[in-house]
Amino acid sequence: MNRRHLLALSGAAAAAPLGLAGCSQSTQGVVAYTSVDQVFSEPVFQAFERQSGIRVRAVYDTEETKSTGVLNRLIAEAQNPQADVFWSGDPVRPFQLIRRNLVEPYVSPQSTGLPDAFKAADGTWTGFAARARVLLANRKRVSDADMPRSIRDLAAPGWRGQTAMANPLFGTTTMHVGALAAAWGEAAMRSFLTDLKTNGVRISSSNGEVKRLVVAGEVAFGLTDTDDANEALKDGANVAVIYPDQDDFGALVIPTSVVMLRGAKRTEAARALVDYLLSADVERQMAESAAHMPLRPGVPTPANVRPVSDLHAMQVDYAQVSDQIEAQQDWLRRWGGL
Amino acid sequence: MTAAGGKWQGPSVVAGAAAVILIAVVPPLIATFGQVIGAEDVLAPFATAQLWLLFARSLALAGAVTALSLVVGVPLGILFARAHLPLQRLLFAAHLSILFLPPFLPTLGWFHVFGRDGYLGGPLSAAILFSDVGLVLALTNVLLPAVTGLTAIGARGIDASLEEAARVAGGPWRAAAFVVVPTAAPAIALAGVIVFALAFSELGVPMFLRVDVYPELVFSRLGGMDFAPGEAAALALPLVVLAAALLWIEQRLAGGRAVAALGGGGLGVRAPLFAFRPWMLGVGLIAASISLAPIAALLVHGAERGGLLEAGRWIGAAPVNSLLASSLAATFMVMAGAILGVSLARQGVVGVWLDRIAVLAFVLPAAILGVGIAYAWNRPATNWLYASVLVLVVAYVARYSALATRTVAAAVAQTPRSLDDAARTVGAGYFDRLRLQLGMAPQALIGAFALALVFSLRDLETAVLLYPPGGEPLTARIFTLEANGPAGVVSALAALHMLITFMAVGLAWFALRPRASA
Amino acid sequence: MIEMRDVTVRLGGKTILDRVSLSVGDEVVALAGPSGCGKTTLLRVLLGLETPVDGEVWIGGQSVSAQGRLLVAPEHRNIAMVFQDLALWPHLTAHGNLAFGLRARRVSKDERERRIATALAWVGLDGKGDKRPGQLSGGERQRVAIARALVLDPHALLLDEPFASLDILLKHEILNLLARLFAERRLPTLCVTHDPRDAAALAKRVIVLERGRIVQEGTLGELAEASATPFVRAFAGVNRTFVPDQSA
């Protein structure tokens, strides 16, 4: 390296920060963090941009264990919030933010069409476009007669070592475990998880990996979400999707939810985005692309999406679920060997 | 010859370089470990045997990966560096390519090959893959090129007369085993440290293969619903001891040895040590294949399931974001590393202590460092940095500066101090002497920049936690799309990532390569 | 016996040695020439580290290189060299430096130790076998390099400017050592030197190389009397003052 190279490098390295700092946070547009899969959420943001002319600068999430997650990024940034809107893949993550006083209540005009069970009256969070927890079974390994009907089948001795679920410390499985604790009580939930462990259930790092394992025939069936199951079907995998416990306590329904964040720097644009996300059009988009069930009545859905009204849903109070999640963390870590 | 600079020229330059590293590394470390103070009951897990068993298990697994990588990678590096091999550059580049990707992607490729329903798989291969053995093999596959590459750099850098004298006295094999390898020990030791640190802190691959590792314990406090950075930082405390241990071991293996001989012709292109034999080409082809195979499997899987051609729709500005942040970070790392690496090679106090801090930052789980960076820099006064791509630059420098500094140090350590002394006696100033030392080890800058660039480009955990909204780098985009995105898109973007890395490294080599003297 | 017959070496498109022919019997021959004339390349050809594009090289009666092909690898030629920079392996002790080649030749441990001890004693380094090069003085390092060459019992010896970095007293020490060696062993030896006084001290015959060609050879007196080139005239015309100490 000669002196010219050195000077050129020094100059570039010194000048670049000045230029790049100028490209930093702008007051234009809106900043949205989302834990809804990018493949589904980005087209929604792009549609909003086309409709409103407001640019969306988004932060997306990875599968549960590839990163600390968008929620925890929001918490880590609490001292100087960067995001305006958080679109969560479930309704319990917002409670973590509410608890930490990071949410700005906003009752959107669009929320009036959504059921009360899926929103907070004070506008701290509003749910829409839901997934459900389902069993995904490999048809080559499981005959029609032997298809599982309940999540309890994960612990059935006949399926020892042949089932899978995602790590209950992360993602929607956390919420599912919290919901079971809220519905059954702590003792029954822990007993069930202990049975799962005794039965050799394979713990994956994410719902996507459960899907992968089932599709590949590594396991006979597993517990995952409807959007993962739908992707498997779209890929042409020879799998069956079962909504569990329809004759019993029901399947857990997980609405996505949206919150406005306290300290948002682009309030007007944030409200516009929230209003758009809660619109019937977005529920339709999510139904078509991600097999999410609209919560608003009358939204057209494709044939592969089961209407939520046709589903026996588990009765849960999402606030209680959030409380249970926090209460069970230590036990879950020990259960997972951590 | 320039007149000697003022006596403060050297110290002020070193201080400036040190400042680059300190500013990047120290605030997040303080912010990270500061979380321990005030967090409740953070030391309670240390009373459990389970924690220590998990720690020991992770050490053993990382040790196995390192040992296997060294056993295979050192001879492979000698082969690539000192044998006459047709298609040498192509095979070497292909072999190195797997290092460009986050480890999870090649492992996913192997899953498509050896999973129960894989192209070559069955129950037995699946059982092996999803086991400790599978983890060791998968991580070795990904990290082996670090050993190969650094060994090659070290082997090419040794004094030609040492090698030739050994070759004349004992033949090429003894020369390689007893002279080239020991003399290249600083570079090999560096490779060992890198592989061990990366293998130990890797999270995605063990979780995918369902092998319990210590970093999972740390991650459970940062990635779950219960965000507890204080606990996570406390759990990272043993890693401080680990970093110190790594440094001590490395120094025992490679440090402190004087280079007694002056080299004549050691810097130019010299004849291969080993004449061509057909089996060498076979080894080279195997080395290239084991790197390319999992990527090919990803692409085939992606092509089968569709979406390869959709990659263009999803790519956005991610490649530009990646290149911008990584190139800038690598530039800072090399500029600081060139100065601090020389200081480290000559056992300068500043170089030695900064190296220790930088190695600690490298060994820590990326998520911890990322959270620390957020705490340190996400303030109104520094929002201009945090909310721009500069936060990624800072993050990459914090995490990977040790690589650049140590690569320079390893190369400079092989050049005689007397040459610097000679320059000093004729009145050369600090910059001229610095240029002289770096000129004697031209491969050092290329290697340092390449390593810094490759690792910055492939970074995932820090990038995902910190990238500015709308400014995600390519790795982040690959993994955010991996969640239910078309398999073909993920495969295509992974291949594109490799291609971009190759091009970037190639450009760097072209810019930094030593020119033939007039 | 070392013999080169019409050896031509080309490197990077340039002709470094041009039809060089020489022979060295049981004698010491000095090789001199201006910088860049090909002296080091000539040594490297004899070692087998460079392959001539034409010509033949014979060592100890065996053809080792012919018609552009290397017939005998460097490690099998049993030629020893004392490199200009000594090339002592810094991570090995003096003992280790000597043992390296013996181990390669599968010499038994007892025989190896005997030869190393003898060689170190011969060069006056008894008891210093456990020192690394960095722990030895310049003169001691020179002696180790010589001992390393001799311990292999070579067919021939090459010296590349052996006195270049020595002070006058050390040089006399080493000259005496080499004189004793040549008296005892009568080893074909080719010594590259810039100093005609060293050439006079060691060698009966001098070969002068210029621009890759041998321009003249003979005793210093013959070179002085009928110099073929200005370099030869300058080289041979310098006063010779050193005479080896015959009693050493």
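**Exercise 1.** Establish the secondary structure content of chain B and decide how its radius of gyration relates to the globule rule.

*Solution.* Chain B of this predicted model holds 25 helices and 0 strands. Its radius of gyration is 23 Å, and the globule rule gives 24 Å for 518 residues; the two values are close, so chain B is as compact as a globular protein of that length. Next, take the extents: the C-alpha trace spans about 65 × 60 × 50 Å along its principal axes.

**Exercise 2.** Describe burial and the sequence range of contacts in chain B.

*Solution.* Start with burial: 63% of the 518 residues of chain B count as buried. Then take the contacts between residues at least 6 apart in sequence; 84% of these join residues at least 24 apart.

**Exercise 3.** Locate the two domains of chain B and characterise the side of domain 1 that touches domain 2.

*Solution.* Step one is the division. Domain 1 of chain B comprises 8-38 + 310-518, and domain 2 comprises 64-216 + 270-299. Over C-alpha atoms, the domain centres are 23 Å apart.

Step two is the contact, to which domain 1 of chain B contributes 26 residues and domain 2 of chain B contributes 23 residues.

Step three assigns the domain 1 side to elements. Those giving two or more residues are α16 (349-363), α19 (390-412), α22 (442-458) and α25 (487-512) of chain B. The most comes from α25(B), with 7 residues.

Step four sorts that side of domain 1 of chain B by class: 16 residues are nonpolar, 8 polar and 2 charged.

How values were computed
Residues are numbered from 1 along each chain as its sequence is written. Chains are lettered from A and ligands numbered from 1 in the order in which they are written. This is a predicted model: local features need pLDDT of at least 70, side-chain atom pairs count only at pLDDT 80 or more; totals for chains, interfaces and linings use all residues. Domain bounds come from an automatic or database domain assignment. Two residues are in contact if their C-beta atoms, placed from the backbone, lie within 7 Å. Helices (H or I, at least four residues) and strands (E, at least two) are DSSP runs, numbered from the N terminus. Ala, Val, Leu, Ile, Met, Phe, Trp, Tyr, Cys and Pro count as nonpolar, Asp, Glu, Lys and Arg as charged, and the others, Gly among them, as polar. The radius of gyration is taken over C-alpha atoms; the globule rule is 2.2 Å times the number of residues to the power 0.38. A residue is buried if 20 or more other C-beta atoms lie within 10 Å of its own, exposed if 12 or fewer, and partly exposed in between; C-beta atoms are placed from the backbone.
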